[in-house]
Amino acid sequence: MRTSIRIKFSIFLAVLLLFTVFLLSLLVLRGIKTNQQGQYEQYLARLTETANTYFLQTILGESNKDSQSFLHNKGKDFADQLTLISGQQVILYDKEGLAVNKKLSFTDIENMKTALAYAMDNKTAYMIEKDSLYYLTPLKAYNEQAGVIQFYYSLTENQRFYYQIQKMFLSIGGTVFLLSFLFAYFYFNLFANGIIRLLKTVERIGDGEYEISVLSRRDEIGRLSIGIQKMSQKIRKNIENMEDEQKKLTLAVNKLSMLDKQQKQFIGSVTHEFKTPLTSIKAYIDLLEMYPDDEELLVTARLNIKSETERLYDMVEKVLKLAALDKYEFELNKEPTDIRQMLLSVIASVQGKIDKFGLRLDIDLTEAYMEADKDSLTIVFVNLVDNAIKYNRTNGSIQIKNYKAANEVIIEITNTGAGIPKEAAEKIFEPFYTVDKNRARQNGGAGLGLSLAKEHAELLGGNIVLVNTSPEETRFRVSFPAYLP
C-alpha cells in the first residue's frame, strides 16, 4: 500500500511542530527553574552572612565570649531575634548537632540528618520537601564553626509562578501548533499538488501521450515540468528516428555481406600463401621420385623443402596468433617492464641472423619502464627487428634506439633497405600484405609480421607508425605510455 505524499507531508509537519513546541517549552521552563534556584540560593547566602555577622557581634558584647556557652544559654533568644531580622524561621544547632531552640516539622528525617551532617562538616546543604526548603549552613565565630544555622524558606510563590508559566505554554503552544500546522499544510500542499500532477504527466507519457502542458511555477518543480516536457519531445523524436534506424538495418545487412566477402578473400589469400610453398615441396618430391640417385638434386631438394617447411610453420603460427589475438586479448598479464632489457633480449635472439647477412647493428638504449605483457611486447619487437633484417640491403645497417618524451616511451627501429613506396605505406599493416612478393617468399615472409606487431602494440595501449621511408632507409616508431616504478 502506497502512502500519499500529502499524508507524509502532514505527518512530518505535525511531528516537527510538536517537537519544536515541546523543546521550546522545556528549555524555557528549565531556565525559569534555574533562575528561581539561583535567586533563592543568593538570598539565603546573604542571610547566612548577616546571621554570622550578627552572631559574632552578639558574642563580643557578652561577658562570656564562648560561642558554645552562648548557644546553650541564650541560643533560643538569639534564634528568635534572627527570625525577626530575616523574616524566615530559624533553628540553631550547637557543635554537637543538637537543636538549641524548637524544631520545624518535616517528615523526611533521614535526608535531614544527612544534610545536617554535611553542614556540620563546614559545608552548605539544603533539602526540599514539597513546597518547603530547609537551608543548612555553618554558624561561625572567630573564623571557626560554632554550629549550624537552619533557615526555612517557602517555595510556594516560586512553584505557583512556575505552574502558571507551564499552563501558559500548554495553551499558547497548542494554539501556535494548530495555526502553524494549518498554514504549513496549505503551503506544502501546493508542492504536493505539483508533484502529483507531474506523476500523472509521467504516467501519460508511459501510455504514449507526448503532448503535455507545463506547470506555471518558477521553482524547481516548474523546471522539472519543463524538463519532462523536453524529455517527452525527445522520446517522440526518438520513436520517429526508429523508423529511420529500420532503414539503416538494411544497409547493415549489406555491410555484413561485404564483410563476408572480405572474409572469403582473406581465406583465399591464406590458401594462396599456403599453396605456393606446398607446390614447391610437391615439385621437389616429384623430382626426387624421378631422379632418386641425383646427389646434387637431393641436397637442393633438402634445403628447399626445409626452407618451405619452415616458412609454412611460421605462416601457420602467425595465423594462429592473429586469430587468437581477437579471442584472448583479455588474458594479457601486464607488469612493470624495462624496455631496454626487452630490446636487448630480442636483439640477442636474432644476433645470428644479423651476422649471417653481414649487417651492422647500432643501438642507443636507455632505461625506461612501461606496464606490458612480456609475450605481447616480444611479438612487437621481434617482428619489427625481423622485418629490419629481412628487408635490408647487403652489408646494410640497423639502428635501434629508445628515449622518453613527455609521458611516453618511444622506440625507433631503422634499416637501410630499399624503402616502402608511398602507395603501399597505408597497407603494410594489413594481414598478408607484402610490398615485394618475390622477396617475401625468398625470406620466408607471409605478410603477417607488421599486422601482428600493430595489434599487440595497440592491446598494450601503444601505437606503431611508419615515420620515414626513402630509398636510403625505413624507420618505424613505436610509442607506449611510460610507467614510473
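Buried here means under 20% relative accessible area, and helices are DSSP runs numbered from the N terminus. The model shown in these close-ups is predicted.

**View 1. Helix α11, tucked inside.** Of the 11 residues in α11, 8 are buried, so the rest of the structure largely encloses this helix. The run starts with Gly449, Leu450, Ser451, Leu452 and Ala453, and His456, Ala457 and Leu459 complete the buried set. Just past the end of α11 sits glycine 461, with a positive phi of about 85°.

**View 2. The largest nonpolar core.** This core counts 35 residues, and the ones touching the most other members are Leu377, Phe381, Ile411 and Ile464. Helices and strands both chip in: two or more residues come from each of α7 (339–349), β7 (369–372), α9 (374–390), β8 (397–405), β9 (408–415), α11 (449–459) and β11 (474–481). The top contributor is α9, with 7 residues.

**View 3. Zooming in on Leu377.** Skip the neighbours within four places in sequence, and leucine 377 still has plenty to list: Thr337, Ile339, Met342, Met370, Ala372, Leu460 and Phe480 are all in contact with it. Elsewhere there is a second, separate core of 23 residues, and among its members are Phe55, Ile59, Leu133 and Phe151.

**View 4. A greasy patch on the surface.** Phe19, Phe22, Leu23, Leu26 and Leu27 make up a nonpolar surface patch, together offering about 490 Å² of accessible area. Leucine 26 belongs to helix α1 (residues 5–60). With a relative accessible area of 35%, leucine 26 is partly exposed, because that value falls between the 20% and 50% cut-offs.

**View 5. A salt bridge within α9.** Lysine 390 and aspartate 386 pair up through their side chains at 3.2 Å, N to O. Both lie in helix α9, 4 residues apart, which is about one turn. An α-helix has 3.6 residues a turn, so residues three or four places apart point the same way. Both lysine 390 and aspartate 386 are buried.

**View 6. A bridge between strands, and its network.** Lysine 401 meets glutamate 412 in a salt bridge, with the closest N and O atoms 3.9 Å apart. Lysine 401 is in strand β8 and glutamate 412 in strand β9, 11 residues apart. Lysine 401 is partly exposed at 26% relative accessibility, whereas glutamate 412 is buried at 5%. Add Arg477, and Lys401, Glu412 and Arg477 form a linked network of salt bridges.

Definitions and conventions:
Residues are numbered from 1 along each chain as its sequence is written. This is a predicted model: local features need pLDDT of at least 70, side-chain atom pairs count only at pLDDT 80 or more; totals for chains, interfaces and linings use all residues. Side-chain values use heavy atoms; hydrogens and water are left out. A nonpolar core is a set of buried Ala, Val, Leu, Ile, Met, Phe, Trp, Tyr and Cys residues joined through side-chain atoms within 4.5 Å. Buried means under 20% relative accessible area, exposed over 50%, partly exposed in between (1.4 Å probe, protein chains only). Contact means heavy atoms within 4.5 Å. Patches are made of residues with over 30% relative accessible area and no salt bridge: like charges are joined within 9 Å, nonpolar side chains (Val, Leu, Ile, Met, Phe, Trp, Tyr) within 5 Å. Accessible areas come from the Shrake-Rupley method with a 1.4 Å probe; for residues, only the protein chains shown count as cover. A salt bridge is a side-chain nitrogen of Lys or Arg within 4 Å of a carboxyl oxygen of Asp or Glu.
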